[in-house]
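Here are some short exercises to work through with the structure open beside you. Try each task before you read its solution.

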Amino acid sequence: MSVHRPLSAVAIAAAALSGAVFVGGWGSSAWAADDATTLTIGMTVGIDNPNIWAVNSTSEWSAVTLQYDMLMKFSDEDLSASPSLAESCEHNADYTAWTCTLREGLKWSDGTPLTSRDVAFTYRFVIDQGFSYFTSYFPKGSTFETPDDRTIVWNSPEPTRGMDVPPWVYIVPEHVWGAYIGKTNKEIKQAAVLPNVASGPYIMTEAVPGQSWTFERNPNFWGTEPAYERIVFRLYTNQEAMVQALKNGEIAIADGLESALLPAVEAIPNVAVQKITADSWVNLAFNFGGQDPAANPLPALKDLRVRQAIVLAIDKQAIVEKAYQGAASPGETIVRPLSVYWHLDIPDDQVTPYDPDQANAILDEAGYTRGGDGIRVDPQTGQPLVIRMPTSNDTPGSDIAGQLIASYLSQIGIEVKAQPVSAGKMYDLQQSGNFDAYIWYWTGDPDPNYQLSVFTSEQCGDLSDGCWRDATYDDLVAQQASTLDQDERLRLVREAQQYVYDQVPSIVLAYPNSLTAYRTDIVADLTPVPAGDGYLTPSYSYTGMVSARPAQLTDPAASASAQPASGDSGGDAATTAGEPSSTSTSGPPVWLWGIAALIILGGVAVIVMRRRGTEDRPDTH
Amino acid sequence: MPGDPIALLARSQRLSPEALELQRVAFGLDQPLITQFGVYVRETISGNLGVSLISGLPVWELILSRMWPTLLLVGIGTILAAGIGVLAGIRGGWRRGSRFDSGSLYTSMVLYSTPEGWLGMLLLILFAGLLGWFPAGGYSSSTSSGTTDVAMHLALPVLALALGYVGQFLIVMRSSMMEVKAQPYIDLARAKGLTDPDVRRRHAVPNAILPIFTLVVISVGFILGGAIVIETVFSWPGIGLLTYEAIQTLDYPVLQGVFLISSAAVIFASLVADVTYGLLDPRVGAT
């Protein structure tokens, strides 16, 4: 028997003990909390390319919003136009010219003065290069003049609402991007951009693909200096892992949470949840055909009475509870609620109720009698009312909503074949028209024009869900697009929403809340935009990041009563940033590791001694 | 795969029909399939894997940026799984029917049949959530990226990967050991007076390990394909995660690049296994 065996076993156990002490000592403090100078935000979508011209995902938009300024921005109150780089903008009598005056003393992050030339360059650049995200705000033929360093004049060949919208275009430095004039968009998107040059409160300095993106405070920012020196976006491709990271204090804010995790998140001590007013909506869209000659949607869905009956038969509140765990509100109109100024709230007494009895009565009166199998039959075509209804798996809650709708409609004699499909398949179906109805989602801009336009006749075969064609609606949308009077436009926008609500080409099922959770003992003073139930992270504005500061300990007992961001400064939150929360898990005490190591040593000793009695016994077989 | 990647951009990037068509032309998607294939072959031979439809960055650059985390995770995980599996298989096969053999066999079969993602989630909930011993995901901390920090982030995903794959190595090694143990030269070795450990170490293992060698080399070849599920569970920024993201966005150039790299790696590993097998086993080398 080799004398080295027990010694090697002891060596292994000693190594285990050392490792255990090391791990135990390390694990208790290394990632338990952010340091006071860095704000770490967990995100579920990464930044594939930090280049502003390649912006695509929600996180990329957040990164751009954090770093750049618009000439006029979305106000913190209600997302209407408000001063940003420009301290004022005026239009001429017929709205064909807008003159804006920049603030004094503006600088880029590298110290170069920011002038009207940068603004003019940016607008010309996006138009000439055809960056479609940004060009839609400028009528064809727009030109820009810079009579002096602080004045920019936008001349439009036709009246434009211009800076009242405002144009969602971030101003970029001419001295950086001027070299790319005439280059292909491919070359522009591949330009190396780090460290970035911008005018906002933070500048991206480091990007670790698939992992994290670091923003340093801009020393030349024109606004209030933020408290945090650094902001880090961290990617979590697993929502449960992000929640654990929030619980452990690895991140201070968890953005983009799914509603299914809401109960678990709300149970974590020192965590507040911001249920953000919806900037998207989930809809059940009907197909009216016409996308393709082979498209064959159910003809009965063209009957308004059938669509009205379907609306009456769907319990939207139940969908909100079961598909979104209450983190949503029943849907109504097609302009999202976050566009506070434009969104039409249907008065309670005019909201279509959940009334399957009335739905049945409407269908009975319309002549849709039930067959022997209980399924109603179209009196015009003789077809049973069977709806093929794909649900897109990139729409949270759509699968459950689809199952619920199938059960609801079965009560009024309509069979629904709900089928979850991928987003890619949904596009195929939308283009081919090979469906009867589907569940998908829409999001949009603060300005309602884009959202309203997708329901117009000309969008059939393009963005339209089901090729609904209605001349009255088309006319309303055209009028609001050309109207310069803000009050008149508001009236038209609301009328368009009401019209869609009444004609039911699509049923807005729910307005899902976006969910952001944050540690009240690590970060405080996150300003929501828009005010109240708005975004805490950069979505339309960086205000929340500028106002954020490390939470300070004043009263340990106050940590138990920490309030959400809206309406509360969070100043009475628990621990000093940089120290582990008293309620966060931070690893077992070192003495426990010692006991575990002793147990391991004892077990190894027993095993070795037992093997001494069997080692030399010859094997027989 | 269903779905038109350019049509996806229509919604996400607000592209007009004219702009959509320009994108289609820019990526060559307006050409006949055979022409697209010819262009693909020509460009691939010249080392150009194209650019991402979504980010616009060169595919090579994207893959290279994820290479090191992949090598770390899948490399260490595979070596660990192979090491544990081989050692346990040797012991279990040598002492067939023993408690260790039964225990290790059943345990590895359970682990092998357990979905990786579920196993990963269990480890995450236990060690990162309940106990807080390890971070909940990612490659490194926000404010630190030293070796130890990366190692702590690597621990759970490596453990999940290793536990998931140890079974295949253990079962093959065990089976091979049992077969070798029944050979006459093993009896001869004992008859010569060699101790049991010496018989095992000097006569049984060198012969039994040949089949496992092929398995290990092939597994090394699969390293570059990444571990999609494990990387997604632990937010590990490897090639597997890149593949997952590309599938979601129908980023075909990235998918093609990843498939090409991982296929080439497996083919190369198979070639290495074939060549070196002959060197290890004189009987094969002689034929």
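The exercises below concern chains A and B of a predicted model.

**Exercise 1.** Work out what kind of secondary structure chain B has.

Solution. Start by counting elements: chain B has 13 helices and zero strands. Next, follow the chain along its sequence, and you read α-α-α-α-α-α-α-α-α-α-α-α-α.

**Exercise 2.** Find what percentage of chain B is buried, and how its contacts are spread along the sequence.

Solution. Chain B has 287 residues, of which 41% are buried. Now take the contacts in chain B with a separation of 6 or more: 70% of them link residues 24 or more positions apart.

**Exercise 3.** Trace the open sheet of seven strands in chain A and name its edge strands.

Solution. Go across the sheet of chain A in the order E8-E9-E10-E1-E11-E19-E12, where the pairing is mixed. At the edges you meet strand E8 (202–208) and strand E12 (271–276) of chain A, each pairing on one side only. On average, neighbouring strands of this sheet are turned by 20° against each other, direction ignored.

Now look at one edge: E8(A) runs antiparallel to strand E9 (residues 212–217) of chain A, and six bridges join the two. For one of the partnerships, find Val208(A), whose bridge partner in E9(A) is Ser212(A).

**Exercise 4.** Identify which strands of chain A helices H2 and H7 meet.

Solution. Begin with helix H2 (residues 58–67) of chain A, which lies across E1, E8, E9 and E10 and runs at about 145° to E8(A). Then turn to helix H7 (residues 239–248) of chain A: this helix packs on the sheet and touches E1, E11, E12 and E19. The direction of H7 makes about 155° with that of E11(A).

Note on methods: Residues numbered from 1 in each chain as written. Chains lettered and ligands numbered in written order. Predicted model: local features only at pLDDT ≥ 70, side-chain atom pairs only at ≥ 80, totals over all residues. Helix = DSSP H or I, 4+ residues; strand = E, 2+ residues; numbered from the N terminus. Buried ≥ 20, exposed ≤ 12 C-beta atoms within 10 Å, placed from the backbone. Contact = placed C-beta atoms within 7 Å. Pairing = 2+ DSSP bridges. Axes fitted to C-alpha atoms, helices over the stretch in contact; angles between N-to-C directions.
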